[in-house]
Amino acid sequence: MARLAGVSAKTVSRVYSGSSRVLPETRERILDAAKRLRFRPNTLARNLRQGGKTATVAFVMGDIRNPFYFQVAAGIEQELSKSGFTMLLASTGDAPESEPVVVDALLNQLVRALVLIPIAADQSYLEGERHLGTPIITVDRPANDLIADTVVLANRSGMAEAVRSLTALGHRKIGFVSNPSEMYTLSERLAGYRQALMEAGVSDSTPWERLGNDPSISPESQVRSLLDSIDPPTAIVTGNNRATTGAMRELRTRSEPVALIGFDDFELAEMLGISVVAHDPVELGRAAGRLALERIENHDGPTKLVEIPTWLVKRGSGEIAAPVGSVD
């Protein structure tokens, strides 16, 4: 490029470092040559040579087919851009063995902070990075065996609110359907379900729980086994939107009305009149982005747990009263 512009390599370097010691016509000639050659300066390499730092934050999410993750990413990017930071995005595909590999690849870019949706069973491999001063923020679920700032949804209280709304309508036999069920988010929702039933005098909800950790088991079959049991539920709550859509399909084949409330809103829920526990994934991302920026500025202080609220949206499916005489 220097040869094409008729200048020295040092003059080219001055232009891209923002030096004022270059004549305007020379600068124009160099930029024109760069355009013709499709040249882009290596900002990362220049920052390292100058002992500087990057202005990037890494976000490692799960399966890229899940729109939830992209909404979280949008929230993170919104916050970072306000402070002149950019985001590097990568996916683990929700494969636990991929997480440390993907994380390591992004950390090699010398990012200023790491925002991670944990999927592996253990994040202790990041302990050394934390001691080196890289802020680590986990989203949607806490890290395992690692001290890190965390942003989660109000999973337990959100599900408890849904179940309380059903017990207020006379329901006591309330099913819980979830596959998977061992993830942090879903175990918290299960705890909220059990808590609200205990408050209503139901000490054992296991006959109406259908918990799976096998992707080959469909939500439809879980709901079917509930409704075909000796003592079927009069209402069902679901652990996520996949379980909700499966429950909807099975309930449409039944003549007896069964109340339904799902956790997570989805695109057709309003049109179909499905009551849900809703939340704002973008705000989840914004909170994570704010935490990352705070930690970049100040590494000190205790770790933070930020809980993003949920709310019950009543659309009809969850407002069906229990049949008369259904409460023992």
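What follows is a walk through one predicted chain, from its overall make-up to its helices, cores, pocket and odd backbone spots.

This is a predicted model, so local features need pLDDT of at least 70, side-chain atom pairs count only at pLDDT 80 or more, and totals for chains, interfaces and linings use all residues. Residues are numbered from 1 along each chain as its sequence is written, and side-chain values use heavy atoms, with hydrogens and water left out.

Let's start with the whole chain. Its secondary structure comes to 13 helices and 12 strands; these are DSSP runs numbered from the N terminus, with helices being H or I of at least four residues and strands E of at least two. Of the 328 residues in the chain, 48% are buried (under 20% relative accessible area, with exposed over 50% and partly exposed in between, using a 1.4 Å probe and protein chains only). Among contacts with a separation of 6 or more, residues 24 or more positions apart account for 64%, where contact means heavy atoms within 4.5 Å.

Strand β1 (residues 56–61) is a good place to drop in, and V60 sits in it. V60 counts as buried because its relative accessibility is 0%. Beyond its neighbours within four places in sequence, V60 is in contact with A90, T92, V102, V103, L106, L114, V115, L116 and I117. A73 is 13 residues from V60 in sequence, and their C-alpha atoms are 9.3 Å apart.

β1 also meets helix α13 (residues 281–297): the buried residues of α13 pack against β1, α5, β3 (113–116), β4 (136–139), β5 (149–153) and β11 (305–308). With 12 of its 17 residues buried, α13 is largely enclosed by the rest of the structure. Those buried residues include P281, L284, A288, L291 and I296. The helix reaches 25 Å from first C-alpha to last, close to the 24 Å expected at 1.5 Å a residue (that is, 1.5 Å times one less than the number of residues). At the start of α13, a side-chain oxygen of D280 comes to within 3.0 Å of the backbone nitrogen of V282.

Now for the nonpolar cores (sets of buried Ala, Val, Leu, Ile, Met, Phe, Trp, Tyr and Cys residues joined through side-chain atoms within 4.5 Å). The largest has 37 residues, and M159, V163, I174, Y193, I236 and V237 touch the most other members. Helix α8 gives the most to this core, with 5 residues. Apart from it lies another core of 25 residues, among them F59, A113, V115 and I296.

Helix α8 covers residues 155–167 and reaches 19 Å end to end by C-alpha, close to the expected 18 Å. Its buried residues include M159, V163 and L166. I174, leaving out residues up to four places away in sequence, touches V163, L166, T167, Y193, L197, W208, P233, A235 and V237.

Y193 and L197 are among the buried residues of α9. The buried residues of this helix pack against β5, α8, β6 (174–178), β7, β8 (235–238) and β9 (259–263). α9 is followed by G201, with a positive phi near 95°. Further along, S205 is found in the loop between α9 (184–199) and β7 (209–211). S205 counts as buried because its relative accessibility is 7%. Outside its neighbours within four places in sequence, S205 is in contact with Y193, R194 and L197. Its side chain also joins that of E209 through a polar contact of 2.6 Å (a pair of N or O atoms within 3.5 Å; within protein, one must be able to donate a hydrogen and the other to accept it, and residues adjacent in sequence count only if both atoms are side-chain atoms).

α9 also helps line the largest pocket: α9, α5 (67–82) and α11 (241–251) each supply at least two lining residues. The lining has 40 residues, with N66, Y69, D94, M183 and N240 lying nearest the centre of the pocket.

Finally, the backbone oddities. Most residues other than glycine have a negative phi, and most peptide bonds are trans. The peptide bond from N179 to P180 is cis, with omega near 10°, and P180 lies in the loop between β6 and α9. L110 is not a glycine but has a positive phi of about 55°; L110 is partly exposed, with a relative accessible area of 41%. D140, in the loop between β4 and β5, has a positive phi near 80°. D140 counts as buried at 5% relative accessibility.

Terms used. On a 1 Å grid over the protein atoms alone, a cavity is a set of points where a 1.4 Å probe fits but cannot get out, and a pocket is an open set with protein on both sides within 12 Å along at least five of seven lines; lining residues have an atom within 4 Å of a point.
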